[in-house]
Amino acid sequence: MSYFRSLKCRVCGEEFAPETQFVCLNCFGPLEVSYDYDSIRRQVSRADVSKRPLNLWRYRELLPIAREPIAGDHSGWTPLIHAENLGRRLGMNALYIKDDSSNYPTLSYKDRVVSVALSRGRELGYSTFACASTGNLGNAVSAHCARIGAPCIIFVPSDIERAKITGSLVFGPRVIALEGTYDDVNRLCSEIGDEYGWGFVNVNLRPYYTEGAKTIGFEIAEQMGWRLPDHVVLPTAGGTLLPKAYKAFQELLILGWAEGSCRFHTAQAEGCAPVVRALHQGRENFDPVKPNTIAKSIAIGNPADGQTVLQAVRESGGWGEMASDPEILSAIRLLAETEGIFTEPAGGTTLAVAIKLIEQG
C-alpha cells in the first residue's frame with residue numbers, strides 16, 4: 001500500500017498528481033512529495049519498522065513508490081559510529097559519524113536517492129535513465145541500471161577526477177563529458193530530458209529522487225534509539241541532503257516515532273559556498289558562484305535546493321560554515337588517524353566545518 005498523495009509546490013502550496021511533473025505549473029517552484037500521515041500512524045508503528053530488513057526500504061511508507069522497489073535491497077542502513085577517539089581530540093563525548101561510504105554498491109549516499117528514483121521512474125514508464133553528475137551520482141545510476149538491465153546515460157563536467165569516471169564506466173553506461181561546470185551540464189540535461197523521454201534522476205524525477213535522502217535521517221534517529229541528536233552537520237552540494245534529513249526528523253515527530261529536537265548545520269567548501277555566504281550575510285537568496293575547490297563532489301555553484309537548505313537551517317536554529325582546501329585535507333587526515341576512516345573531500349569538508357562549529361560553541 002502506498003501513502004504518498006500528491007506533489008506539492010514548496011513556494012505556493014499548489015498540489016498536483018504524483019506523476020512526471022517536477023516544477024509547479026503556476027509559479028515554477030520545486031515540487032515535493034506529500035504523504036497521508038494519519039493513515040501511516042494508524043497502520044504502521046516503529047515496532048513494525050524494526051522487524052524489517054536492514055535497508056532503506058524499511059521506511060517504505062514514507063517513500064514515494066506504489067509497488068515493490070526494483071533497486072536498493074542492499075542500500076542504506078550504514079553505520080553510525082561513536083567517534084570516541086576523535087571526540088576526545090575535539091573535547092566532545094557524544095560525537096557520532098554517519099559513515100555512508102559503506103553504502104552498497106557504489107560507496108556513497110547517492111545509492112539511496114538513485115534506488116528511489118529508479119523504482120518510481122519505472123512505475124512512471126521510464127525505461128532509460130540518465131543524470132548530470134560530479135562523479136558519485138553517475139556511479140550509482142550506472143550500477144543500479146546495470147542491476148535492473150536499463151540503458152544509462154551519464155553527463156559529467158570534462159574536468160572531473162578520472163577515478164570517478166572509471167567508477168561509472170565499469171558498469172557500461174554511455175558517458176558524455178561536456179566543457180563547463182556541473183551547473184552547465186545540469187542545465188543541458190534540463191533542456192533535453194523531455195525531448196528524449198529519458199528519466200533524469202536529478203531533473204524530471206527529482207521530487208522522488210530527493211525523498212531517498214530522507215532515509216539517512218530515519219536511520220540516524222533509529223540508531224540513536226529514536227531520539228534525535230542535538231546537532232547534525234551535513235555537506236551541501238545541490239542541496240538535497242540537508243532539507244530531506246530535516247524533513248525526515250519532522251515526519252518522525254509527526255508520527256510519534258521519535259522525540260527531541262535537532263539543529264541542522266550546513267557545510268560547504270570555501271571555494272564553492274553560495275549557501276553559507278548567504279546565511280552569513282543574512283540574505284534570503286544566494287548568488288551562484290563558479291566552483292574552485294578540491295571538494296569536487298560538492299562543487300555545485302548554483303544548488304537546485306539551496307533555498308530549501310537556508311530555510312531548514314534557519315527553522316532548526318542551526319548555522320553553517322565553510323572550509324578551505326587545506327582545512328579539508330587536514331580534517332581528512334585527522335579522521336583517518338583517529339577513527340580509521342578515509343573519507344573523500346566532501347567528508348573532509350563536513351568534519352572541518354564541524355570542528356569550526358565546536359570551536360564556536
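Let's start with Thr210, a residue of helix α8, which covers residues 206–211. The model we are looking at is a predicted one. With a relative accessibility of 4%, Thr210 counts as buried, because buried means under 20%. Which residues does Thr210 touch, not counting residues up to four places away in sequence? They are Thr240, Lys244 and Asp305.

Now move along the chain to helix α9, residues 214–223. Is this helix enclosed or open? Of its 10 residues, 9 are buried, so α9 is largely enclosed by the rest of the structure. The buried residues of α9 are Lys214, Thr215, Ile216, Gly217, Phe218, Glu219, Ile220, Ala221 and Glu222. Notice that lysine and glutamate appear in that list, at Lys214, Glu219 and Glu222. After α9 comes Gly225, which has a positive phi, near 75°.

Next, find Phe155 in strand β7, which runs over residues 152–157. Phe155 counts as buried, since its relative accessibility is 4% and the cut-off is under 20%. Phe155 also shows how the fold brings separate parts of the sequence together: Val185 is 30 residues away in sequence, yet the two C-alpha atoms are 6.6 Å apart in space. Val185 is also one of the contacts of Phe155 once neighbours within four places in sequence are left aside. The others are Cys131, Ala132, Ser133, Ile176, Leu178, Cys189, Ile192, Trp198 and Phe200.

Let's turn to the nonpolar cores. The largest has 67 residues, and those touching the most other members are Ile40, Phe129, Val141, Val201, Phe249, Trp257 and Phe264. Helix α10 gives the largest share of this core, 8 residues. A second, separate core has 35 residues, including Ala130, Ala269, Leu351 and Leu357.

Phe264 deserves a look of its own. Not counting residues up to four places away in sequence, Phe264 touches Val232, Leu234, Leu242, Ala245, Tyr246, Phe249, Val313, Ser316, Gly318 and Trp319. One of these partners, Phe249, is also among the core residues that touch the most other members.

What about the cysteines? How many disulfides does the model have? The count comes to 0. Two cysteines are set out below.

| Cysteine | Nearest cysteine sulfur | Distance to that sulfur | Relative accessible area |
|---|---|---|---|
| Cys145 | Cys152 | 4.2 Å | 1% |
| Cys272 | Cys189 | 18 Å | 1% |

For a disulfide, the two sulfur atoms must be within 2.5 Å, so Cys145, at 4.2 Å from the sulfur of Cys152, is in none. Cys272 is in no disulfide either, because the nearest cysteine sulfur, that of Cys189, is 18 Å away and the limit is 2.5 Å. Cys145 is buried, and Cys272 is buried as well.

Finally, let's visit a pocket. The second largest pocket has a volume of about 640 Å³. Among the 26 residues that line this pocket, Arg10, Glu32, Thr308, Gln311 and Glu315 are the closest to its centre. Which elements each supply at least two residues of the lining? They are β1 (4–9), β3 (31–35), α10 (241–255) and α12 (306–316). Helix α12 provides the largest share, 7 residues. Sorted by class, the lining has 12 nonpolar, 5 polar and 9 charged residues. Helix α10 therefore links two parts of our tour, as this helix supplies lining residues of the pocket and also gives the largest share of the largest nonpolar core.

Technical notes
Residues numbered from 1 in each chain as written. Predicted model: local features only at pLDDT ≥ 70, side-chain atom pairs only at ≥ 80, totals over all residues. Heavy atoms only, no water. 1 Å grid on protein atoms, 1.4 Å probe; cavity = no way out; pocket = protein on both sides within 12 Å on 5 of 7 lines; lining within 4 Å. Points joined across faces, edges and corners; volume = space filled by probe spheres on them. Helix = DSSP H or I, 4+ residues; strand = E, 2+ residues; numbered from the N terminus. Nonpolar A, V, L, I, M, F, W, Y, C, P; charged D, E, K, R; others polar. Core = buried A, V, L, I, M, F, W, Y, C linked by side-chain atoms within 4.5 Å. Buried < 20%, exposed > 50% of the residue type's maximum accessible area, 1.4 Å probe, protein only. Contact = heavy atoms within 4.5 Å.
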